[in-house]
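Biologist: Could you walk me through a structure? I'm new to this, so plain talk please.

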Amino acid sequence: MNTPRRHLFSPEGHAAFDALCRRDPLLAFDFDGTLAPIVARPEDARISAALSRRLAQLAARRPLAIVTGRAVDDVRPRLGFEPGWIVGNHGAENTIEPASAETLQALDTLRQRLADAEPALAAAGVRIEDKQHSFALHYRLARDRDAALAEIDARLGTLDTGLRRFGGKCVVNVVGADAPDKADAVFSLVAAAGCDSALFVGDDLNDEVVFERAPLHWLTLRVGREPTSQARFFLDSQSEVAQLLEQLLAQLPERR
Ligand SMILES: O=P(O)(O)OC[C@H]1O[C@H](O[C@H]2O[C@H](CO)[C@@H](O)[C@H](O)[C@H]2O)[C@H](O)[C@@H](O)[C@@H]1O
């Protein structure tokens with residue numbers, strides 16, 4: 001059987017959760033698919049009022065960060081509360097490490113190429129999201145997703161060495177090759193917040209770098225049962241994320 005066994009709400013999961021709560025953790029969350037359900041159009045993604053309220057309560061008591069593939073200015077108004085930190089563009093949009101001149105140049109060159117290719121991509125049902133520090137080429141709404149992906153491959157061709165691509169949920173992402181990723185972001189935030197560990201919750205390929213690099217005393221959770229995930233435990237839905245937040249509020253002491 002290929003189904004992951006490690007659900008957070010299991011005896012092993014409860015033990016790991018209790019151990020985290022005895023430490024001084026940063027609380028870090030991905031946005032799409034973790035706090036907000038996946039929807040057909042990125043601009044329609046929202047988090048529930050209940051989830052937002054719980055996050056606001058937690059953010060008032062603990063260091064809390066949103067670490068997302070979206071641009072910071074895009075995600076902020078969707079949250080309904082102000083977290084301590086927002087890191088955008090898969091880690092690339094942060095206040096610690098500005099993008100290199102080489103990356104900005106490579107992104108500009110690709111921007112021009114994508115503008116030229118836009119009619120062909122649109123005809124294949126691909127939508128270009130330019131997030132300044134990265135591009136997302138969405139094909140969720142394509143009639144034929146395989147054909148859309150083939151069109152993306154053809155149009156991206158061989159990428160400039162200053163860029164790298166990776167997949168996601170019906171999307172191809174392109175970021176600067178030397179840009180920090182989400183794992184770099186969470187490590188930096190743990191240090192900036194003076195924490196000794198982290199809880200990180202995510203649901204997608206761009207979150208796997210955090211799961212892979214997390215030290216054993218961190219708690220990493222993947223929303224959705226992806227058998228190949230390196231997250232320590234799984235949650236099944238946004239309502240289980242809400243349950244997790246309730247438990248954090250009940251168990252985490254106020255920070256001294
Ligand atoms: O790191 P995240 O916060 O999970 O952001 C990842 C990407 O999320 C968005 O795209 C995804 O969610 C959309 C809304 O549910 C969905 O329509 C799309 O198919 C998904 O790929 C966002 O648009 C991207 O910019 C983020 O990189």
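What follows is a short chat about the chain as a whole and then one of its residues.

Biologist: How many helices and strands does the chain have?

Modeller: Keep in mind that this is a predicted model. Going along the chain, you'd find both kinds of element: the count is eight helices and ten strands.

Biologist: What is the radius of gyration of the chain, and why is the chain called as compact as a globular protein of that length?

Modeller: We start from the length, 256 residues, for which the globule rule gives 18 Å. The chain's own value is close to that, so it is as compact as a globular protein of that length. The radius of gyration is 18 Å.

Biologist: What share of the residues count as buried?

Modeller: A residue goes in that group if its relative accessible area is under 20%. Out of the 256 residues of the chain, the share is 50%.

Biologist: Among contacts between residues at least 6 apart in sequence, what share join residues at least 24 apart?

Modeller: Here a contact needs heavy atoms within 4.5 Å. Take the contacts between residues at least 6 apart, then pick out those joining residues at least 24 apart: that's 61%.

Biologist: Now one residue: is Ser188 buried, partly exposed or exposed?

Modeller: Ser188 sits in helix H6, which runs over residues 182–193. Its relative accessible area is 29%. Buried would need under 20% and exposed over 50%, so Ser188 is partly exposed.

Biologist: What separates the C-alpha atoms of Ser188 and Ile96?

Modeller: Along the chain, Ser188 and Ile96 are 92 residues apart. In space, their C-alpha atoms are separated by 8.2 Å.

Methods: Residues are numbered from 1 along each chain as its sequence is written. This is a predicted model: local features need pLDDT of at least 70, side-chain atom pairs count only at pLDDT 80 or more; totals for chains, interfaces and linings use all residues. Side-chain values use heavy atoms; hydrogens and water are left out. Helices (H or I, at least four residues) and strands (E, at least two) are DSSP runs, numbered from the N terminus. The radius of gyration is taken over C-alpha atoms; the globule rule is 2.2 Å times the number of residues to the power 0.38. Buried means under 20% relative accessible area, exposed over 50%, partly exposed in between (1.4 Å probe, protein chains only).
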